[in-house]
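Dear colleague,

Please find below the structure I wished to hand over to you. My findings follow directly after it.

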Amino acid sequence: MTTLPHHEAGDWPDVGNDEVPCCMGSAQHGARGCTCWQPVYDLAQMPPRAELEPDTRASMCDGCAYRPRSPERTGDPDAAADLDDLQRLAATGRPFWCHEGMRRPIEWRHPSGATVPGSPLDYQPLFVEGVPYRADGSPAARCGGWAAFRRKHEQRAGER
Ligand SMILES: [Zn+2]
């Protein structure tokens with residue numbers, strides 16, 4: 001089953017790049033190797049405001065990956081992380097970022113005019129020095145679910 005975002009799964013449709021290759025990638029690997037597809041984002045990206053410190057959310061957002069029935073925790077292949085990843089991030093303290101306000105490709109466009117829809121879970125914020133920025137230019141917040149898992153983890157570690 002490949003419902004990964006196209007740019008990760010490499011399952012771009014054939015847009016006639018076999019007859020006249022549009023790029024080196026498609027000349028060598030056919031439609032799968034095409035590098036011409038460009039994301040069309042839902043939101044315009046403003047310049048990152050690097051002077052702002054990222055916050056940590058006090059609670060989970062509506063679409064939080066740490067919610068029990070989230071796509072991440074139910075193993076949706078479109079999700080960027082699974083339960084193991086979420087637990088590892090919370091345990092190690094590597095931040096998991098809330099997707100709220102991040103841009104997302106609504107579709108991908110090929111110069112031939114062909115388009116494919118984007119994945120609803122494929123957030124693609126602008127990253128600067130490891131920090132993702134929302135479309136409005138403010139830094140993303142650390143996930144509230146992640147912070148709660150992290151507190152629990154530290155509590156357990158303290159009891160040992
Ligand atoms: Zn191409």
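I begin with the strand pairing in this predicted model. Strand 1, covering residues 38–41, and strand 2, covering residues 105–109, are paired in the antiparallel sense through four bridges. Within this pairing, Tyr 41 faces Pro 105 of strand 2. Strand 2 also runs antiparallel to strand 3 (residues 115–117), to which three bridges join it. Here Trp 108 is the residue that stands opposite Val 116 of strand 3. Strands 2 and 3 make up a hairpin with five residues between them. In the turn of that hairpin, Gly 113 has a positive phi of about 105 degrees.

As for the chain as a whole, it contains four helices and five strands. Their order along the sequence is α-α-β-α-β-β-β-β-α. Taken along the principal axes, the C-alpha atoms fill a box of roughly 65 × 35 × 25 Å. The chain has 160 residues, of which 36% count as buried. If one considers contacts between residues at least 6 apart in sequence, 64% of them join residues at least 24 apart.

The zinc site

The zinc ion is coordinated by the SG atoms of Cys 22, Cys 23, Cys 34 and Cys 36, at 2.3 to 2.4 Å. The angles among the four donor atoms are 104 to 118 degrees, and the site is tetrahedral. Along the sequence, the spacing of the donor residues reads C-C-x10-C-x1-C.

How accessible are Cys 22 and Cys 23? Cys 22 has a relative accessibility of 34% and therefore counts as partly exposed. Cys 23 has a relative accessible area of 15%, so this residue is buried.

Ser 26, located in helix 2 (residues 24–29), is linked to two of these donor residues. A polar atom of the Ser 26 side chain lies 3.3 Å from the backbone nitrogen of Cys 22. Setting aside residues up to four places away in sequence, Ser 26 touches Asn 17, Pro 21, Gly 33 and Cys 34. Ser 26 counts as buried because its relative accessible area is 3%, under the 20% cut-off.

Helix 3 and its ends

Helix 3 spans residues 83–92. Its buried residues are Leu 86, Leu 89 and Ala 90. Viewed down the helix axis, these buried residues fall within an arc of 95 degrees, and they therefore line one face of helix 3. That buried set packs against helix 4, residues 144–159. On the face turned away from the buried side, helix 3 carries the exposed residues Asp 84 and Thr 92.

Which residue caps the N-terminal end of helix 3? The cap is Asp 82, with a side-chain oxygen 3.2 Å from the backbone nitrogen of Asp 84. After helix 3 comes Gly 93, which has a positive phi near 85 degrees.

Arg 57 and its surroundings

Arg 57 is placed in the loop between strand 1 and helix 3. With a relative accessibility of 24%, Arg 57 counts as partly exposed. Its side chain forms a polar contact of 2.8 Å with the side chain of Glu 100. Once neighbours within four places in sequence are left aside, the residues in contact with Arg 57 are Cys 98, Glu 100, Ala 141, Arg 142, Cys 143 and Gly 144. In addition, Arg 57 and Trp 97 are separated by 40 residues in sequence, while their C-alpha atoms are 9.5 Å apart in space.

A backbone angle to note

Finally, I draw your attention to Glu 129, in the loop between strand 4 (126–128) and strand 5 (131–133). Most residues other than glycine have a negative phi. Glu 129, although not a glycine, has a positive phi of about 50 degrees. Is Glu 129 buried or exposed? The relative accessible area of Glu 129 is 80%, so the residue is exposed.

With kind regards

Terms used
Residues are numbered from 1 along each chain as its sequence is written. This is a predicted model: local features need pLDDT of at least 70, side-chain atom pairs count only at pLDDT 80 or more; totals for chains, interfaces and linings use all residues. Side-chain values use heavy atoms; hydrogens and water are left out. Two strands pair if DSSP finds at least two bridges between them. Helices (H or I, at least four residues) and strands (E, at least two) are DSSP runs, numbered from the N terminus. Buried means under 20% relative accessible area, exposed over 50%, partly exposed in between (1.4 Å probe, protein chains only). Contact means heavy atoms within 4.5 Å. A polar contact is a pair of N or O atoms within 3.5 Å; within protein, one must be able to donate a hydrogen and the other to accept it, and residues adjacent in sequence count only if both atoms are side-chain atoms. The arc is that of the directions from the helix axis to the C-beta atoms. Donors are N, O and S atoms within 2.8 Å of the metal (3.2 Å for Na, K and Ca); water is not among the atoms, so sites may look incomplete. Four donors count as tetrahedral if all angles lie between 85 and 135 degrees; four count as square planar and six as octahedral if opposite donors are over 155 degrees apart and all others between 65 and 115; anything else is irregular.
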